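Let's take a walk through this protein together, from its overall layout down to single residues. Have the model open and turn it as you read.

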Amino acid sequence: MTTPTAHEPETIAEHLANAAAQIGRFEAHVLLAHVLGKTREYLIAHDDEVLAPEQATAFELVVSMRAAGTPVPYLTGRQEFFGRWFAVDDSVLIPRPDTEVLIEQALLVTGPAPKVLDLGTGSGCIAVTLALEIPGARVTATDKSPEALTVAKKNAAALGADIRTFEGEWFEAVPEGETFDLIVSNPPYIHPQDEHLLSLEFEPAGALTDGVDGLEDLRRIISGAMARLTPGGWLLLEHGWDQGPAVRELLEAAGFAGVRTKKDYGDNDRVSMG
Ligand code: GLN
């Protein structure tokens, strides 16, 4: 272990020590491995290697961005979700482990070769995962953001998933009259006044909050879903830890049966379904 140097850092070890003092050892290793296009193991085995000036400059830039709050996945351009790496940029929400609960429930309720719809797909992590995990699934993904759809299509192509995409808001994006066996969504659900939003300032606000009360997009999706489900089909929605009762009430008022809520790994209500 090296401590920050008095002179300008030269070797991998010196650069890592300097960066670790600002952003911690783990993230320093992740970011330098990314900048060099090497593994973290390589850094440890070759820590006396001297960085080229442009490598040093590139590393110092991402370290300063990280120190200023930019999330690591926006610097490395990728995030792992359900065992696969998804490309991300700041036009999409960074995939969260909590959303894997939605995947697990979808895999439990779905029958063979279902027609699946993912509303507000963002990076495409839900749509692509379901396309790859459910044999014969035909997956449609929507987003109102063309930039997000570009990311989703890139992920689908890179991971070998065949998904169809439409640009637009919620069901307005979906061809009229089309129905699905499974509809899923992780919509914006944070209340605009929730101070948690402040900690998410680097992610697209439009993916996080509806700007109304945190339930507006959930209401729009729930009210439109029944007409878009095949008989016996399921609607699965991610929501905030305190929105379980409200979302169950909305589902029941819309005529859904089998309404229930599943908890995330932090033991909070996270996914409601009917
Ligand atoms: N679960 C995310 C968070 O609280 C929010 C995701 C969303 O609004 N859909 O960080």
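The paragraphs below begin with the whole chain and then move to individual places in it.

A word before we start: this is a predicted model. The chain has 274 residues, and 37% of them are buried. You can count 11 helices and 9 strands in the protein. Along its principal axes, the C-alpha trace spans about 70 × 40 × 30 Å. If you look at contacts between residues at least 6 apart in sequence, 61% of them join residues at least 24 apart.

Next, try to see the protein as two parts. Domain 1 covers residues 12-69, while domain 2 covers 79-273. Their C-alpha centres are 35 Å apart. UniProt, in an unreviewed entry, also marks two stretches of the chain. At residues 14-77 the record places "domain: Release factor glutamine methyltransferase N-terminal". That span is 75% helix and 0% strand, with its end C-alpha atoms 25 Å apart. For residues 110-194 the record, again unreviewed, lists "domain: Methyltransferase small". Here the make-up is 27% helix and 26% strand, and the end C-alpha atoms lie 34 Å apart.

Let's pause at helix 2, residues 25-36. From first C-alpha to last, this 12-residue helix reaches 16 Å, close to the 16 Å expected at 1.5 Å a residue. Which residues of helix 2 are buried? They are Ala28, Val30, Leu31, Leu32 and Val35. The cover over these buried residues includes helix 1 (12-23), helix 3 (40-45), helix 4 (53-67) and helix 5 (72-76). After helix 2 comes glycine 37, which has a positive phi near 70°.

That backbone angle leads us to two other residues. As background, most residues other than glycine have a negative phi. Phenylalanine 82 is not a glycine, yet its phi is positive, near 50°. You will find phenylalanine 82 in the loop between strand 1 (78-81) and strand 2 (84-87). Phenylalanine 82 counts as partly exposed because it has 19 C-beta neighbours inside 10 Å, and being buried would take 20 or more. Tryptophan 170 also has a positive phi, about 40°, without being a glycine. Its place is the loop between strand 5 (163-167) and strand 6 (180-185). With 19 other C-beta atoms within 10 Å, tryptophan 170 is therefore partly exposed.

Tryptophan 170 brings us to a further annotation. In the unreviewed UniProt entry, "binding site" covers Gly120, Thr121, Gly122, Ser123, Gly124, Asp143, Trp170 and Asn186. Two of these residues are worth a visit, beginning with aspartate 143, which sits in strand 4 (residues 138-143). Is aspartate 143 buried or exposed? It is buried, because 29 other C-beta atoms lie within 10 Å. Leaving out residues up to four places away in sequence, aspartate 143 touches Gly120, Thr121, Gly122, Ala148, Leu149, Ala152 and Glu167. Among those partners, Gly120, Thr121 and Gly122 also appear in the "binding site" annotation.

Asparagine 186 belongs to the loop between strand 6 and helix 9 (205-208). Asparagine 186 has 25 other C-beta atoms within 10 Å, so it is buried. With residues up to four places away in sequence set aside, its contacts are Thr99, Leu102, Gly120, Ile126 and Glu238. Gly120 is thus a residue to look for twice, since it touches aspartate 143 and also touches asparagine 186.

Asparagine 186 also has a place beside the ligand. The residues around the ligand are Leu93, Arg96, Asp98, Asn186, Pro188, Tyr189, Ile190, His196, Leu200 and Leu208. How many residues of this shell are nonpolar, polar and charged? The shell divides into 6 nonpolar, 2 polar and 2 charged residues.

Our last stop is aspartate 213, in the loop between helix 9 and helix 10 (216-225). Aspartate 213 is partly exposed, because 14 other C-beta atoms lie within 10 Å. Now find aspartate 194, which is 19 residues away along the chain. The C-alpha atoms of aspartate 213 and aspartate 194 are separated by 9.7 Å.

Terms used:
Residues numbered from 1 in each chain as written. Predicted model: local features only at pLDDT ≥ 70, side-chain atom pairs only at ≥ 80, totals over all residues. Near = placed C-beta within 6 Å. Nonpolar A, V, L, I, M, F, W, Y, C, P; charged D, E, K, R; others polar. UniProt positions renumbered as here; feature names shortened; annotations may be inferred. Helix = DSSP H or I, 4+ residues; strand = E, 2+ residues; numbered from the N terminus. Domains from an automatic or database assignment. Buried ≥ 20, exposed ≤ 12 C-beta atoms within 10 Å, placed from the backbone. Contact = placed C-beta atoms within 7 Å. Expected span 1.5 Å × (residues − 1).
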